Amino acid sequence: LSHIPLPMSSWNPFTRNTTSRKSIGLITTRDFDRETRRLESLEDNAKSLTRDLIKQDKSFDDFARGQLKLLHDLSGSSFINHYDQQQTSTNLSTNISQLINDWKLTAQHISEQTSLLNEITSKTIIDSSKRLTLALANVTNAIKKREQSLNEYIKVQNKLDKFNEKLGSSTTSLGATMNATNNTKLEQIQKQLNEAKQQYELKNQVLNNELPILHEQRAAFVYPCLEAFIEAQAHYCDQLETAYRNLIGQMDVATDSTSTLDEINAKLATIKSLSIVASE
């Protein structure tokens, strides 16, 4: 199918003329219908996966950029600088500027890892999915050409049927010249029918042979892409965990998740008690 040029038009190859099929029995098989439905499902899944992963990449990128912007704004905050000066004058050990700086370094590392993940995602899944969709477009065009051949076959068959009906309703007293003319025209129509049938059967046979192969080979194409993508996701999560654990270590905070959560809840309770607006 590689020699077939790309479509695309608004024509839907998966909505075929069922009335015309009935005009010529044996043309469309149940197997062919099943394979075209599989093709449609594979194409839809590839497009859906591409859309979902583009959204995921954007979400990860927004998170990384948002964290860096937050830290940039905090670093330049006059309130933070004033707080640090107060802590210095009272000889307290807490230096919020240093904590923000450590957090910023962590955020920069996370941003780099996010960019790396998005690049790998694009190469392993998004680009591969687009190539698959492009290959399926070739097959879609082949199905369209098969349908056009089928319609031409039906058209000539109907033409032959009408001509035979006309001959059957004619009187038998036609002259020799008229009979010769009719025979010549009948031969021409029959020749057209044979050519149309051959064109259709050739296209139909190619698709009947190659559609099942395409469906079977989808796993060989998709699985390595998914495997590389999953490994990239695992590496990214590991990098995030390591980065935040290092940040916790720099802050001299207990790494036990339960005690850390208890401490956070205690700080939230303190913050709530400092509310400067009336409780509703």
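Reading a predicted all-helix chain

Along its sequence, this predicted model follows the pattern α-α-α-α-α-α.

Me: What makes the pattern consist of α alone?
Reply: The chain has six helices and zero strands. With zero strands to record, the pattern read along the sequence is α-α-α-α-α-α.

Me: Why is Leu-160 called buried?
Reply: Leu-160, which lies in helix H4, has a relative accessibility of 6%. Buried means under 20% relative accessible area, and therefore Leu-160 counts as buried.

Me: Why is Ser-111 called buried?
Reply: Ser-111 also has its place in helix H4. Its relative accessible area is 19%. The cut-off for buried is under 20%, so Ser-111 is buried.

Me: Why is Lys-159 called partly exposed?
Reply: The relative accessible area of Lys-159 is 39%. Buried requires a value under 20% and exposed a value over 50%, with partly exposed in between. Lys-159 is therefore partly exposed. This lysine has its place in helix H4.

Me: What makes Lys-159 eligible for a surface patch?
Reply: A patch takes residues with over 30% relative accessible area and no salt bridge. Lys-159 has 39%, and it is listed in a patch with Lys-155, Lys-166 and Lys-185.

Me: Why is that patch called positive?
Reply: The patch is formed by Lys-155, Lys-159, Lys-166 and Lys-185. Lys counts as positive, and so the patch is a positive one. Helix H4, residues 96–169, supplies the largest share of the patch, namely three residues.

Me: How do you know which residues Leu-160 is in contact with, leaving aside its neighbours within four places in sequence?
Reply: Contact means heavy atoms within 4.5 Å. With those neighbours left aside, Leu-160 is in contact with Leu-186, Ile-189, Gln-190 and Leu-193. Leu-160 and Leu-186 are 26 residues apart in sequence, and their C-alpha atoms are 7.5 Å apart in space.

Me: Which residues are in contact with Ser-111, leaving aside its neighbours within four places in sequence?
Reply: With those neighbours left aside, Ser-111 is in contact with Ala-64 and Leu-68.

Me: How do you know what share of the contacts in the chain joins residues at least 24 apart?
Reply: The count takes contacts between residues at least 6 apart in sequence, and 86% of these join residues at least 24 apart.

Me: What can be said of the chain's burial and surface?
Reply: Of the 280 residues in the chain, 29% are buried. The accessible surface comes to about 18500 Å², and carbon and sulfur atoms account for 55% of that surface.

Notes:
Residues numbered from 1 in each chain as written. Predicted model: local features only at pLDDT ≥ 70, side-chain atom pairs only at ≥ 80, totals over all residues. Heavy atoms only, no water. Helix = DSSP H or I, 4+ residues; strand = E, 2+ residues; numbered from the N terminus. Buried < 20%, exposed > 50% of the residue type's maximum accessible area, 1.4 Å probe, protein only. Areas by Shrake-Rupley, 256 points an atom, 1.4 Å probe, with all protein chains shown as cover. Patch = residues over 30% accessible without salt bridge, like charges linked within 9 Å, V, L, I, M, F, W, Y side chains within 5 Å. Salt bridge = Lys/Arg side-chain N within 4 Å of Asp/Glu carboxyl O. Charge placed at Lys NZ, Arg CZ, Asp CG, Glu CD.
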